[in-house]
Amino acid sequence: METKECSKCKKEKEISNFAHLQNWCRHCFSEYSKTPEQKMKMKAYIQNLPPWRKTYSAIRVRCNYGRYGKNGRSSYGEGRKMLITPDELKLLWFRDKGYLLKQPSIDRIDNNGDYTKENCRYIELLENISIGHLGRKQSASANQKRRLTMIAYWEKRKQNRQRRG
Ligand SMILES: [Zn+2]
């Protein structure tokens with residue numbers, strides 16, 4: 001078993017506890033990222049990313065850490081495969097004129113498909129909410145109710161952001 005000493009906690013740990021070329025173990029990294037300063041830094045970092053990079057991070061989180069885990073499937077994209085690169089998202093951003101959208105959001109054209117360049121496009125968030133991903137087995141009224149809830153959620157979130165910003 002290959003081990004390595006963490007330069008932060010000084011514990012000898014199995015190599016799987018270290019991300020590629022990192023001298024801190026995963027545990028120390030995750031503790032460090034929870035500190036308020038680090039959270040602020042991370043937030044600022046994300047805010048300064050170009051929009052397609054933000055999309056990329058969001059998709060990656062969904063695919064890898066979604067509610068249903070790596071192999072789970074849900075209508076929100078969790079469990080889908082991440083097969084798109086930041087450069088491809090950038091192409092889509094300009095192709096779909098993401099900069100003209102009020103609330104750009106990434107849509108999978110085929111809801112059962114993965115995140116690929118062919119299967120993704122930027123559309124308005126509200127349009128994205130209304131065209132799909134709403135649990136097709138549910139009744140129309142349940143879908144409508146859910147849609148209104150989601151719209152209210154996004155509106156509230158937007159307002160909160162503006163208040164803070
Ligand atoms: Zn450590």
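Is K10 buried or exposed, and how many other C-beta atoms lie within 10 Å? Here are some notes to help you find out.

1. This is a predicted model, where local features need pLDDT of at least 70, side-chain atom pairs count only at pLDDT 80 or more, and totals for chains, interfaces and linings use all residues. Residues are numbered from 1 along each chain as its sequence is written.

2. K10 is exposed, with 8 other C-beta atoms within 10 Å. A residue is called exposed if 12 or fewer other C-beta atoms lie within 10 Å of its own, buried if 20 or more do, and partly exposed in between, with C-beta atoms placed from the backbone. You will find K10 in the loop between β1 (3-5) and β2 (12-14). Its phi is near 65 degrees, a positive value in a residue other than glycine.

3. The chain has six helices and four strands. Both are DSSP runs numbered from the N terminus: helices are H or I, at least four residues, and strands are E, at least two. Along the sequence they follow the pattern β-β-α-α-α-α-β-β-α-α.

4. Now look at α2 (residues 36-47). Of its 12 residues, the number buried is zero, so α2 lies largely in the open.

5. For contrast, visit the largest nonpolar core, which has nine residues, including W52, Y56 and L89. Such a core is a set of buried Ala, Val, Leu, Ile, Met, Phe, Trp, Tyr and Cys residues joined through C-beta atoms within 7 Å. Buried residues make up 12% of the 165 residues in the chain.

Note on methods
Expected span 1.5 Å × (residues − 1).
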